[in-house]
Amino acid sequence: MVILDGKKVSNDIKNEITEQVKKMKAKGEKVPHLAAIIVGNDGASLTYVASKVKACERVGFDSTMVRMPNTTSEIELLDKIEELNENPDIDGFIIQLPLPKQINTQKVLLAVNPDKDVDGFHPTNFGKMALDMSTFIPATPFGILELLDRYGVDTQGKHTVVIGRSHIVGRPMSILMGRKGFPGNSTVTLTHSHTKNITQITSQADIIISALGVPNFLKAEMVKDDAVIIDVGITRVPDETSEKGYIITGDVDFENVSKKASYITPVPGGVGPMTIAMLLKNTLLARERQM
């Protein structure tokens, strides 16, 4: 069994990006600039945005964090987005989700200039991805592809089962794994909360990508020998024995499933670190396109 080490691979990617940024600076070119808008003071979101800012510093990018109060109206947020769309110094920006109730998330994501949408959430970018055109791939699916690629995991002709159909992970993942090329060329089954006999489906899978958000959902009896397991789940589970009062748990019963798997991602340290690394890669791509 091989651990797909997202922490190590994400560090490799950051080192590669750092080298590219050094070359840009040496040529007197503008370095990539990533901005993040955060509305309100959700603890997890603040931590996540702070880690993105830190990652930018690490690779030599410029970064801007735009904090707006919880009471921000939809119009105020749309004005701020328009400002970033028109700012030639900013190559890409993200809007940290979730947004407060008074704001229509769909409307906000549509307002982002697709050329600066480094999260890959805009319908223009999603459509291009579905049509195999060059575009920004959402960071988490992009990170999963990169892990499969760098570890040389064979996907051609394999049966891939995706658990969860979110627009951020499940649905794009199902499209990407079925596309022509590597990683891809697999036969994909997309499952979700209404899927019947899910164990029957997962036990036939060569590759399982679980993005359900239900701790320890995928048990050993649901997995065949030598399956490749990608765990996207990340849930805080209360644990009194832990110093923080909780532990981070994935969708997969790691202890038992890992005994049967050929490759598996740990939680934490698997898909999570890859997401930020690929966001940086998308920002670099945005800068190159602007040039």
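In which strand is Ala36 found? The points below answer this and then describe the rest of the chain, which is a predicted model.

1. **Ala36.** This residue is found in strand S2, which covers residues 33–39. Ala36 has a relative accessible area of 6%. The cut-off for a buried residue is under 20%, and Ala36 is therefore counted as buried. Leaving aside residues up to four places away in sequence, Ala36 touches Val49, Thr64, Met65, Val66 and Ile94. A further pair to look at is Ala36 and Ser63: 27 residues separate them in sequence, while their C-alpha atoms are 8.0 Å apart in space.

2. **Ser45.** Helix H2 spans residues 43–59, and Ser45 has its place there. Is Ser45 buried or exposed? Its relative accessibility is 5%, so Ser45 counts as buried. When residues up to four places away in sequence are not counted, Ser45 touches Ile38, Gln96, Leu97 and Pro98.

3. **The chain as a whole.** The chain contains 10 helices and 11 strands. For 291 residues, a compact globule would have a radius of gyration near 19 Å; the chain has 19 Å, so the two agree. Taken along the principal axes, the box filled by the C-alpha atoms is roughly 55 × 40 × 40 Å. Of the 291 residues, 48% are buried. Among contacts with a separation of 6 or more, 72% are between residues 24 or more positions apart.

4. **Surface and charge.** The exposed area of the chain is about 13800 Å², and carbon and sulfur atoms supply 51% of this area. There are 33 positive and 35 negative side chains. How far apart do the centres of the two sets lie? The separation is 2 Å.

5. **The sheet of 6 strands.** This sheet is open, its pairing is parallel, and its strands follow the order S1-S11-S8-S7-S5-S6. Which strands stand at the edges? They are strand S1 (2–3) and strand S6 (187–191). Each has a single partner strand, so one side of each is left without a neighbour in the sheet.

6. **Pairings within the sheet.** Strand S5 (residues 159–163) pairs with strand S7 (residues 207–210) in the parallel sense, over 4 bridges. Thr160 has Ile207 in S7 as its bridge partner. S7 also pairs with S8, again in the parallel sense and over 4 bridges, and here the bridge partner of Ile209 is Ile230 in S8. S8 is in turn joined by 2 bridges to strand S11 (residues 263–264), and these strands run parallel. In this pairing Ile229 stands opposite Ile264 in S11.

7. **The two faces of S8.** Strand S8 comprises residues 228–231, and both of its faces are covered. Val228 and Ile230 lie on one side, Ile229 and Asp231 lie on the other, and all of these are buried. Two of these residues have appeared above: Ile230 as the bridge partner of Ile209, and Ile229 as the residue opposite Ile264.

8. **Helix H7 and its cover.** Helix H7 runs over residues 170–178, and its buried residues are Gly170, Pro172, Met173, Ser174, Leu176 and Met177. What covers them? The cover includes helix H5 (123–130) and helix H6 (139–150), together with S5, S6 and S7. Those three strands also belong to the open sheet of point 5.

Technical notes:
Residues numbered from 1 in each chain as written. Predicted model: local features only at pLDDT ≥ 70, side-chain atom pairs only at ≥ 80, totals over all residues. Heavy atoms only, no water. Rg over C-alpha atoms; globule rule 2.2 N^0.38 Å. Buried < 20%, exposed > 50% of the residue type's maximum accessible area, 1.4 Å probe, protein only. Contact = heavy atoms within 4.5 Å. Areas by Shrake-Rupley, 256 points an atom, 1.4 Å probe, with all protein chains shown as cover. Lys, Arg positive; Asp, Glu negative; His and termini not counted. Charge placed at Lys NZ, Arg CZ, Asp CG, Glu CD. Pairing = 2+ DSSP bridges.
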